[in-house]
Each structure stands twice: as structure tokens, then as C-alpha cells.
Amino acid sequence: MAVTSKYLSGADKPRAEHHEEEHDPRESLMYDPLPRGVMNEMVMESMHATSWKFWLVLGILVFLVATCFFYAWGYMIANGLGVAGVMRPSYWGVFLVNTVFWIGISHAGTFISAILRVFKAEFRRPFTRAAELMTTFGLIQAGASIFMHLGRVWLAYWMFPIPNERQLWPNFHSPLMWDLLAITTYVLGSTMYLFLPLIPDLAMARDRSAGWRKIFYRILALGFRGTEGEWRHLTTAMNIFAFAIIPVMFSVHTIVSWDFAMAMRPGWSSTVFGPYFVLGALHSGMGAVAIVLFLMRATMKHMDYFIRKEHFDALGKLMLIVSMAYAYFFFNDYIVQWYGGDAATDNLLHWLEAGPMAWMFFQMIGFNIVLPFLTLWNRRVRQTPWLLAIIGLLINVGMYWERYIIIPVMLTINRMPFTWKLYEPRIEIFLTIGTFSMFLLFYMIASRLIPLIPVWEVQEGQMVHSLRKVGKAHVPTVSEFE
Amino acid sequence: MSDTTLLALFEDIDPAANAIEKLHEMGVTDDRISVISGVPISHKMLGRPHPWTNVSRLALGGAVAGFLFGLFLNFGTPFLYGVRVGGQALFPIPPGLILVFEMTMLFALLSTFLGVFLESYFPNYRAMEYVPQVSDGKIGIFFKAPEDEQQKFEDALNQLGAESVKTAEARQL
């Protein structure tokens, strides 16, 4: 006996078909392949196409770097740290806020490239390099900010483990020395990790360039041809890097958190500071990736083919998850201190909630926790690039405030009320503008010199993805290529 | 009769794998064949021997060296010049673990990176047998064949779908 059925909703089409229309897998980059040669041309064109707007922004950034970074830093070196706002009780000011902030930004590259590579998250493929570049350029700014904080920067070599005339070695038991070692390891590791997967794309650029670009790519491509042996060595190294850089990434921001947590100060002495800092770093890093992807898509030719709504959607989901984890650690850190009843800590918490910096404290909570919770549940929000970029920007504002609260504000409200004095940054403001400008400048230059899309990884992904017809639907399938 | 190196270009993996099988049938051994491609293709797909790499061994060697260097920094340097602080151990274990970990990872990563250079003979700017179409996704098979049998190989590979079969030329990359 034949069975007939009705659609209760009264819709003309079966619900499954309607659903398929919304999520057509063929809209995904992995199921919408183009010939490799075409993709290569698109990436090369995106590097070569520069409008007057590009040069205008570049010129402004060069000016800002020259004045706010080099001139301001030179002025501070010539006149001493007295031109900065750091003084008792806030000996650690914006320089260290910037250091922590930039290290946080740098975490996105490793997270997206290494962790998602290890877990074979396919959506990562077109934007791993954009994220890895953020790691390297962010760490350069973090390093510069530490050197600014040193003041007498020419004595920085005292931290290096080299024998000197006094045969005095650095004190490796100090958390500040752990910082030096961890950040050095991370800078070198992430730069090498950026370079290795870049080699095949540099070879591609070499094959399609002339003049000075040809020489540039020829030198950097190292003579790569794509032999079986070269691929084998390269992929083995990339696998080792993907696994090894993850604990290094966790160690870096944990050690940065220990700079604070090892001290017996209100607000700092916390056992959850390590994971709390790591989550905070990922939170700001993810937000920064959203901004970069939006800018790439909006300003660079052909990027709308490589960077699609699906990528923003996946990134938005990651941002939401990281935001939840961040909220958990924030509350954990807060409630334990609040419940402890220590008088100095009570003073600090009351000051944060009702003092002159309360606006910063509540903005931090609003941007880092409330905003992602309210918005990123929605698929339409996640799939709207400019909206996700704005959310990413606000998360970064919130995360900057978080670091500002942890460093100069928490140093202000200490156990000696007679020293309480609100920190007021002076030359630090220019140097902060300088580091941001330099980061953007490096990124803009890189966008015209190196392929921001790892074309070979995209092609590899497209080769292993296929659509299988199951009943009336096309089901995405992925096969192992190795 | 001397050998000549031929280059056959293929669009896809399947005909390339068939071509390698055919070359084996025609008496060309694996050590006289090499493959270049724009994406990493598994040796199993092409029916090729597993390419050997020492990168992971070098990484392990680097990790051991880094571990020892970390031990030296943590335990050796205070021994060379001890800075004694009241109530503090001269050779504390917990901070030492951090130091040893960072040095182990740093040396492991450095040696992995250098391993790729050593194993791949990078940088190499000499003239090499290469075709730029490889970075457009084509698969190139280089093989050595007797000069007088060149036509026979060309015909066989063309039948299997080769886009072109020609004498390989070394070129400046």
C-alpha cells in the first residue's frame, strides 16, 4: 500500500531541499575548484595590483613609524625613561601592556595554523599564512615593546647567556629570564614555521615573475622544484613544527602570566593566570584574524574566491568558543579573589568596579564576554565579514583594556595606600601608535611581496574533497591524501 | 649507447601513476625515475618507493642537544658563578624545568628547520632540470632511457595521456 505524506508547514518544497539551498556545499572553496594555474594567476595579480589608496595608506604608515616609533624611541633613549609616565607605584606601564597584547595577537597564527592542521580542520587552508604572518609581525612588536621597557636598551645583551668579564651569568630563576627564553623560542619557531610552507609558493612566484621580483623569489625559494624528496622533507618538518609549536605557544603566554602571578600582589597572585592569559591571547588573536581576513577580502583582488563566508562562519564559531572559555577563566580568577576577603584585594576590586577606571573594566567585560555571547550565536552575524571584523576589533579593544587593568591599574592599588597614584601614559601613547603602525606597515608590504594564500595547500585540499551523491543530496566527503 | 633524460608531463595523478608502472614494465628502474609536482603526492599513489628523510632524526638530535644545553644553563652556570641568595636554592628544579623545556624545543625546531636545508640541499641555485608548469599543478616524470629508444618511450607515454614527452633540459630556476 502506498503511503502519502503532507508537509505540515505548508512549504512548497521538502524541508531537506530548502536546507540544501542554504548550505550548498558547492559554495565552499574546497568544492569549487579552479585549475591551479588560474589560482596562481589570481594570487599573483592580488600581489601586483596596487591602487593610489594603497600607496597613500602606506605613506601615512611610513610617516607614523618614522615619527611615533623611531623618533619617539630615539627621544626616549636620549632623554631616559623619565619622559615616559612610568613611576611609583606603576613601574610597569603601557610598554608591557603592549608586549602582552602583541604576544596575544601572535597566538592566533599558531592556533590556526598548527592546531587546526593537527586536527585537519579543512577550513583553515586559505588563511593559515595570513594568521602566521600576524604571529611573526606581532612578536616583532612585542619584542620592540620589551626593549622600550628596558630603557637602557643597549644593555639588553646582559640577559643573554654569554660569559662576560665578570663571569656573571643571567639569573635563570627569574620569570623575566623565562620570558626572554620563551619569546626567543617562539619568535624563531614561528618564523621558521611561516617560512617552510611558504617555499613552494615562493617557487610558484619565481616561475611567474621577472626583474627584481624574480631575483627576490629565486633567492627565497632556495631552488625548490617539488621533487618527491623535497616534499617529503618539507611535510615531515611541517608536521613536527605543527606539534612542537603548540606547547611552545602555551608556554609563552603562561610564562608571560607568571611575570605577574609569581608576585604576591593583589590581583596578580593567581593560580589560573596561566590558562587565563592563554585564552585571552587566543581571544584577541582570533579577533585580529577576523579583521585581517576582512581587510584582505575587501582590499585585495580575487580574495573573495579564496576567503568566503564559510571561513568567517568557522572563525566566528571559534571566537564564540574561545570567548566562553575566557569568560570561565575570568570568573574563576575574579570570584576566588573576591571570596578570599583580603583587604587589599577588596580595595582593588571595589576600585575597579566603582573607581575612575570602572569604564575600562566594564568595557572589558562588555567587549570580551557580553558582545560575543550576544552576537556570535547568529549565523548571519558570523557570515557577515564586516560585522565579524567589527566584533573582532571590539574584542581587541576589550583585551587591550584587560591588559591595561592587569598591569598599571593593579599596580596602582597596592598594599601601600600612600603610594596610590593613577598612571598616566605620556610618550607611551606615541610609541603605541608606532607599534600598531609598524605592524600594519609590515603587513601591507608583505601582502605585496609574498603570496598570502598558500595556493598549494588550497589545491591539495580541493583534490581531497569531493561531493558524493547520497539519495538526492550531495554529501561532502574528504579523503586522506597521505 | 648513452642514456638521455626525458621529461613527461601529466595533468593528473592517475595517468602519471600508470606511466610510472609502464616505465617499470619497460625496464626503467625506480632509481632512474624522479617525479616533481606542485603539491605533495603520496608515494603510494604513484607506486613509488618511500622517500627517505632524516628530518625527524635530526629534530630528535636537536632536542637532545637542547635538553643538555638547558641543563647546562640551569645547573652549570650557577656552578661556574654562584649567586647565593638567602633561603633560595642554588639549583632549583621547578624553574629549571622551564629552562630545559624551552631550550629543548628551540633546538628541536632549529634542527628540524636546518634538517630540511641539509636533506634537500637548500639553497641550490645551480641549473636544474625543471619545468615551470609543475607549479601550475602538472606532474613531471623525469626518467633516463637509452637514446635510441627515446621514440618508443615517447609513444608509450603519449598513449597513456602524457601532455608532452621531451628531452629534459637543465635551466636556471
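Ser269(A) is partly exposed in this predicted model, because 16 other C-beta atoms sit within 10 Å of its own, and a residue has to reach 20 to count as buried. You'll find Ser269(A) in the loop between helix 8 (228-261) and helix 9 (273-299) of chain A. Leaving aside residues up to four places away in sequence, Ser269(A) touches Ala261(A), Ala263(A) and Met264(A). There's also a longer-range pairing to look at: Gln337(A) is 68 residues away along the chain, yet its C-alpha atom lies 9.1 Å from that of Ser269(A).

Now for Trp401(A), over in helix 15 (residues 385-412) of chain A. Is Trp401(A) buried or exposed? Trp401(A) counts as buried, because 23 C-beta neighbours fall inside 10 Å. Outside the four places on either side in sequence, the residues that Trp401(A) touches are Met360(A), Gln363(A) and Met364(A). For Met364(A), the C-alpha to C-alpha separation from Trp401(A) is 5.9 Å, with the two positions 37 residues apart in sequence terms.

Here are the two residues' sequence-distant pairs laid out together.

| Pair | Separation in sequence | C-alpha to C-alpha |
|---|---|---|
| Ser269(A) and Gln337(A) | 68 residues | 9.1 Å |
| Trp401(A) and Met364(A) | 37 residues | 5.9 Å |

Next, a helix pair in chain A. Two packed helices are described by the angle between their axes and the distance between those axes. For helix 6 and helix 17 of chain A, the axes come within 8 Å and cross at roughly 100°. Helix 6 and helix 17 of chain A are therefore roughly perpendicular to each other, since angles of 65 to 115 degrees fall in that class. Who meets whom? From helix 6 of chain A come Pro197(A), Pro200(A), Asp201(A) and Met204(A), and they meet Val455(A), Trp456(A) and Glu457(A) of helix 17 of chain A. By class, the residues of this contact split into five nonpolar, no polar and two charged.

Both of those helices turn up again where the two chains meet. The contact takes 52 residues from chain A and 50 residues from chain B. On the chain A side, the elements giving two or more residues are helix 2 (36-48), helix 6 (175-207), helix 8 and helix 17 (455-464). Which of them gives the most? That's helix 8 of chain A, with 17 residues. Helix 8 is also the helix that comes just before the loop holding Ser269(A). The side of chain A that touches chain B is made up of 26 nonpolar, 16 polar and ten charged residues.

And chain B itself? Chain B has five helices and six strands, and from the N terminus on they run β-α-β-α-α-α-β-β-α-β-β. A compact globule of 173 residues would have a radius of gyration near 16 Å, but chain B comes in at 26 Å. Along the principal axes, the C-alpha atoms of chain B fill a box of roughly 85 × 30 × 30 Å. Of the 173 residues in chain B, 38% are buried. If you take contacts in chain B between residues at least 6 apart in sequence, 84% of them join residues at least 24 apart.

Last, the confidence scores. Chain B has a mean pLDDT of 92, and 99% of its residues reach 70 or more. The model as a whole scores ipTM 0.95 and pTM 0.92.

Note on methods:
Residues are numbered from 1 along each chain as its sequence is written. Chains are lettered from A and ligands numbered from 1 in the order in which they are written. This is a predicted model: local features need pLDDT of at least 70, side-chain atom pairs count only at pLDDT 80 or more; totals for chains, interfaces and linings use all residues. Helices (H or I, at least four residues) and strands (E, at least two) are DSSP runs, numbered from the N terminus. A residue is buried if 20 or more other C-beta atoms lie within 10 Å of its own, exposed if 12 or fewer, and partly exposed in between; C-beta atoms are placed from the backbone. Two residues are in contact if their C-beta atoms, placed from the backbone, lie within 7 Å. Ala, Val, Leu, Ile, Met, Phe, Trp, Tyr, Cys and Pro count as nonpolar, Asp, Glu, Lys and Arg as charged, and the others, Gly among them, as polar. The radius of gyration is taken over C-alpha atoms; the globule rule is 2.2 Å times the number of residues to the power 0.38. Axes are lines fitted to C-alpha atoms, for helices over the stretch in contact, and angles run from 0 to 180 degrees between N-to-C directions. Angles under 35 degrees count as roughly parallel, over 145 as roughly antiparallel, 65 to 115 as roughly perpendicular and the rest as oblique. pLDDT is the predictor's confidence in each residue, from 0 to 100.
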